[in-house]
Amino acid sequence: MIRRWNPDVVAAPAGRYSHLATVPEGHELVMISGQLGVLPDGTLAGPDAESQARQVYANIELLLESIGATPAHLVKVFTMVAGTEHLPGCRAAMGEAFGRWFPDGDWPAQSLAVVAALAAPELAVEVEAMAAVPRAAGRG
């Protein structure tokens, strides 16, 4: 299983993340490209960060399911938020998803950056991730 932990050599995490995570033998790293709050038909889930972030986490979960994985396989999550005004909505959606995905508080490593903008002005949140998935023949 993925090991996540917080050594006491640095300050405790200030949020829902672990300082370190390792990938166990027999697993491969799967990179998930930056996901946007876009529905399967290509339309934006909503104009606000919370609705977009909810869709981002739904998209990540669907991508993981497509390779026989779950959010428990996440090792690292990197969130980009277009402006501090979108932080509350993003954090609310993240709290919902992470509360459901990691009920025991065994969080993946995570980074969050506030950026000036994303690829289009209507985008508020983008999340990329890495998962450690047991090796399986014929994936892809």
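Student: Where does A72 sit?

Tutor: A72 belongs to the loop between α1 and β4. Those element names are DSSP runs numbered from the N terminus, where a helix is H or I over at least four residues and a strand is E over at least two. Residues are numbered from 1 along each chain as its sequence is written. The model is predicted, with local features needing pLDDT of at least 70 and side-chain atom pairs counted only at pLDDT 80 or more, while totals for chains, interfaces and linings use all residues, and side-chain values rest on heavy atoms, with hydrogens and water left out.

Student: Why is A72 called partly exposed?

Tutor: Buried means under 20% relative accessible area, exposed means over 50%, and partly exposed is in between (1.4 Å probe, protein chains only). A72 comes out at 26% relative accessibility, so A72 is partly exposed.

Student: What does A72 touch, leaving out residues up to four places away in sequence?

Tutor: Its contacts, meaning heavy atoms within 4.5 Å, are I2, R4 and F102.

Student: Why does R4 count as buried?

Tutor: R4 lies in strand β1, residues 3-5. Its relative accessible area is 12%, so R4 is buried. Beyond neighbours within four places in sequence, R4 is in contact with residues including S18, P71, F102, W107 and P108.

Student: What makes the approach of R4 to A72 a polar contact?

Tutor: A polar contact is a pair of N or O atoms within 3.5 Å; within protein, one must be able to donate a hydrogen and the other to accept it, and residues adjacent in sequence count only if both atoms are side-chain atoms. The R4 side chain reaches the backbone oxygen of A72 at 2.8 Å. R4 also reaches the backbone oxygen of L74, at 2.5 Å.

Student: How do you know that the span of helix α1 agrees with what is expected?

Tutor: The expected span is 1.5 Å times one less than the number of residues. For the 18 residues of α1 (49-66) that gives 26 Å, and the end C-alpha atoms are 25 Å apart, which agrees. Among the buried residues of α1 are A53, V56, Y57 and I60. The buried residues of this helix pack against β3 (27-36), β4 (74-82), α2 (87-101) and β6 (125-134). Just after α1, G68 takes a positive phi of about 75 degrees.

Student: Why is β6 described as largely enclosed?

Tutor: Seven of its ten residues are buried, so the rest of the structure largely encloses β6.

Student: What makes β6 a partner of β3 and β4?

Tutor: Two strands pair if DSSP finds at least two bridges between them. β3 and β6 have eight, in the antiparallel sense, and β4 and β6 have seven, also antiparallel. M130 of β6 stands opposite M31 and is the bridge partner of K76.

Student: How do you know that T79 is buried?

Tutor: T79, in strand β4, has a relative accessible area of 0%, so T79 is buried. Beyond four places in sequence, T79 touches Y57, C90 and M94, among others including V125 and V127.

Student: Which residues line the largest pocket?

Tutor: The lining is A14, G15, R16, Y17, R91, M94, Q110, S111 and L112. The elements giving two or more residues to that lining are α2 and β5 (109-115). β5 gives the largest share, three residues.

Note on methods:
On a 1 Å grid over the protein atoms alone, a cavity is a set of points where a 1.4 Å probe fits but cannot get out, and a pocket is an open set with protein on both sides within 12 Å along at least five of seven lines; lining residues have an atom within 4 Å of a point.
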